[in-house]
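I opened this notebook to keep track of what I looked up about pockets and helix packing in one structure. The entries follow the order in which I went through them.

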Amino acid sequence: STMKDISYSSLSLVLGTWDDARFGNENFGDEFGMHALDKMFEIHPKSKTLFGYSEGDEVSKEKSAMHGRLFASVFDSIFQTLGPDVEFIEEVLLQVGRRHKVMGIDPAFFPSMGEAVVYAVEKFLKGRKMTQEEIMAWEEVYDAISSEIVKAIDNSP
């Protein structure tokens, strides 16, 4: 799917849960990213090498927090630019994709990262689980975002 395919209802559910997760959590950036990375490493142990670890390495809290902040800020940037100007968000995602290409990110990691992101967001919803509708909305939006990033990885020189 592409950015143009995202339904308004899915977009509003995703932005709503993102705002709910962020609200009142001053360490959200660090902790969201740490939860997402922990889940990613659990699902896909080989992904540790992208963050400078060997597969068997223990993950340091400081380094994980730094990656976590970056990770959360990428989503903040993407979500702040989502709207009717699809060309603009596609350009933002092209830049994100090019950075991922330079870092050597394998597109095969993106589906697992989507699962890790949903897991991490849910950790911040004050004890409630995401509804099936919210999960499906996250899958739709994440799929469109990651498709654009992967397209940029695949097509960058």
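The entries below take the pockets in turn and then the helix pairs.

Entry 1, the model. I am working from a predicted model, and I keep that in mind for everything that follows.

Entry 2, the largest pocket. I looked up its volume and noted about 550 Å³ of space. I then asked which of the 23 lining residues are the closest to the centre of this pocket, and I wrote down Phe51, Phe71, His100, Met103 and Ile105.

Next I wanted to know which helices supply at least two residues each of this lining. The helices that do so are α2 (28-43), α3 (61-81), α4 (86-102), α5 (110-123) and α6 (132-155). I noted that α3 gives the most, with six residues. By class, I recorded 18 nonpolar residues in the lining of the largest pocket, alongside four polar and one charged.

Entry 3, the second largest pocket. Here I noted a volume of about 150 Å³. For the lining I wrote down Pro111, Gly114, Glu115, Val118, Ile135, Trp138, Glu139, Tyr142, Asp143 and Ser146. Both α5 and α6 supply at least two residues of this lining, and the largest share, six residues, comes from α6. When I sorted the lining by class, I found five nonpolar, two polar and three charged residues.

Entry 4, α2 against α5. I looked up the geometry of this pair and noted that the axes come within 8 Å and cross at roughly 140°. How should I class that angle, as oblique or as roughly antiparallel? Roughly antiparallel requires an angle over 145 degrees, and α2 and α5 are therefore oblique to each other. I also recorded that the crossing of α2 and α5 is right-handed.

On the α2 side, the contact is made by Phe32, His35, Ala36, Leu37, Lys39, Met40 and Ile43. On the α5 side, I listed Ser112, Met113, Glu115, Ala116, Val117, Tyr119, Ala120, Val121 and Lys123. By class, the contact of α2 with α5 has 11 nonpolar, two polar and three charged residues. I marked Glu115 of α5 for a second look, since this residue takes part in the contact with α2 and also appears in the lining of the second largest pocket.

Entry 5, α1 against α3. For helix α1 (residues 8-22) and α3, I noted that the axes come within 12 Å and cross at roughly 135°, which makes α1 oblique to α3. I recorded a left-handed crossing for this pair. In the contact, Val14, Leu15, Trp18 and Arg22 of α1 meet Ala72, Phe75, Asp76 and Phe79 of α3. I counted the classes as six nonpolar and two charged, with no polar residues in the contact of α1 with α3.

Entry 6, α1 against α6. The last pair I looked up packs at an angle of about 105°, with the axes of α1 and α6 8 Å apart. The two helices are therefore roughly perpendicular to each other. From α1 I listed Ser10, Leu11, Leu13, Val14, Thr17 and Trp18, which meet Glu133, Glu134, Ala137, Trp138, Glu140 and Val141 of α6. By class, this contact divides into seven nonpolar, two polar and three charged residues.

Reading back, I noted that Val14 and Trp18 of α1 are listed in the contact with α3 and again in the contact with α6. I also noted that Trp138 of α6 meets α1 and lines the second largest pocket.

Technical notes. Residues numbered from 1 in each chain as written. Predicted model: local features only at pLDDT ≥ 70, side-chain atom pairs only at ≥ 80, totals over all residues. Heavy atoms only, no water. 1 Å grid on protein atoms, 1.4 Å probe; cavity = no way out; pocket = protein on both sides within 12 Å on 5 of 7 lines; lining within 4 Å. Points joined across faces, edges and corners; volume = space filled by probe spheres on them. Nonpolar A, V, L, I, M, F, W, Y, C, P; charged D, E, K, R; others polar. Axes fitted to C-alpha atoms, helices over the stretch in contact; angles between N-to-C directions. Parallel < 35°, antiparallel > 145°, perpendicular 65-115°, else oblique. Left-handed = near helix turned anticlockwise from the far one by under 90°. Contact = heavy atoms within 4.5 Å.
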